[in-house]
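Colleague: I would like a close look at a single part of this model. Please take one element and follow it through its neighbours.

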Amino acid sequence: MTPWLTLAIAGLLEVVWAVGLKYSEGFTRLVPSVVTVVTVVISFLMLANAMRALPVGTAYAVWSGIGALGTMIYAAMFFTEPLNLMHGLGVVLIVAGIAALKIA
């Protein structure tokens, strides 16, 4: 698996564990808590693996960008959190930043 694919999967797993934190209700619900802990461990391991071949700053920025973007989209869709023009602009800037880091 390429470092970029590993990093992308790690970022998607960050979305899973971030959303899992919400569903775990402060780690008071067993299944969402287990899913959260397992996915956070796998996400960090995959991030660490990707960092073996990618610069730490780039890898961390892409990983956290994927996580932030994915979590925000999920929250807007399933938790009915509001999205406005500034949110949209922020999403565009995150995507542009991730693309710039990938190109560089």
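Modeller: Start with a crossing: H2 passes H3 in a right-handed manner. H3 is the part to follow here. Bear in mind that the model is predicted.

The axes of H2 and H3 come within 10 Å, and they cross at roughly 150°. An angle over 145 degrees counts as roughly antiparallel, and H2 and H3 are therefore roughly antiparallel to each other. From H2, the contact draws on Ser43, Phe44 and Leu47. From H3, it takes Ala59, Tyr60 and Trp63. By class, the contact of H2 with H3 has five nonpolar residues, one polar and no charged.

Now H3 itself. The helix covers residues 56–78, which is 23 residues. From its first C-alpha to its last it reaches 32 Å. The expected value, at 1.5 Å a residue, is 33 Å, and the span of H3 is close to that.

Which residues of H3 are buried? Begin with Thr58, Ala59, Val62 and Trp63. Gly65, Ile66, Gly67 and Leu69 follow. Ala75 and Ala76 complete the set. Two of the names have already come up: Ala59 and Trp63 also belong to the contact with H2. The buried residues of H3 pack against three helices: H1 (3–24), H2 (30–50) and H4 (85–103).

Next, the H4 side. The axes of H3 and H4 come within 10 Å and cross at roughly 150°. That makes H3 roughly antiparallel to H4. The handedness here is left: H3 passes H4 in a left-handed crossing. On H3, the contact is made by Thr58, Ala61, Val62, Gly65, Ile66, Leu69 and Met72. On H4, the partners are His87, Val91, Ile94, Val95, Ile98 and Leu101. Sorted by class, the contact of H3 with H4 holds ten nonpolar and three polar residues, and no charged ones. Several buried residues of H3 reappear here, including Val62, Ile66 and Leu69.

So much for the faces of the helix; now its exit. H3 is followed by Thr80, whose phi is positive, near 50°. Thr80 lies in the loop between H3 and H4. Most residues other than glycine have a negative phi. Thr80 is not a glycine, yet its phi is positive. Is Thr80 buried or exposed? Thr80 is exposed, and its relative accessible area is 67%.

There is a further positive phi to note. Glu25, a residue other than glycine, has a phi near 50°. Glu25 sits in the loop between H1 and H2.

Finally, the setting. The protein has four helices and zero strands. Along the sequence the pattern reads α-α-α-α. Its C-alpha atoms fill a box of roughly 40 × 35 × 20 Å along the principal axes. Of the 104 residues in the protein, 32% are buried. Among contacts with a separation of 6 or more, 67% are between residues 24 or more positions apart.

To return to H3: its buried residues pack against H1, H2 and H4. H2 and H3 cross in a right-handed way, while the crossing of H3 with H4 is left-handed. The contact of H2 with H3 has no charged residues, and the contact of H3 with H4 has none either.

Definitions and conventions: Residues numbered from 1 in each chain as written. Predicted model: local features only at pLDDT ≥ 70, side-chain atom pairs only at ≥ 80, totals over all residues. Heavy atoms only, no water. Expected span 1.5 Å × (residues − 1). Buried < 20%, exposed > 50% of the residue type's maximum accessible area, 1.4 Å probe, protein only. Contact = heavy atoms within 4.5 Å. Axes fitted to C-alpha atoms, helices over the stretch in contact; angles between N-to-C directions. Parallel < 35°, antiparallel > 145°, perpendicular 65-115°, else oblique. Left-handed = near helix turned anticlockwise from the far one by under 90°. Nonpolar A, V, L, I, M, F, W, Y, C, P; charged D, E, K, R; others polar.
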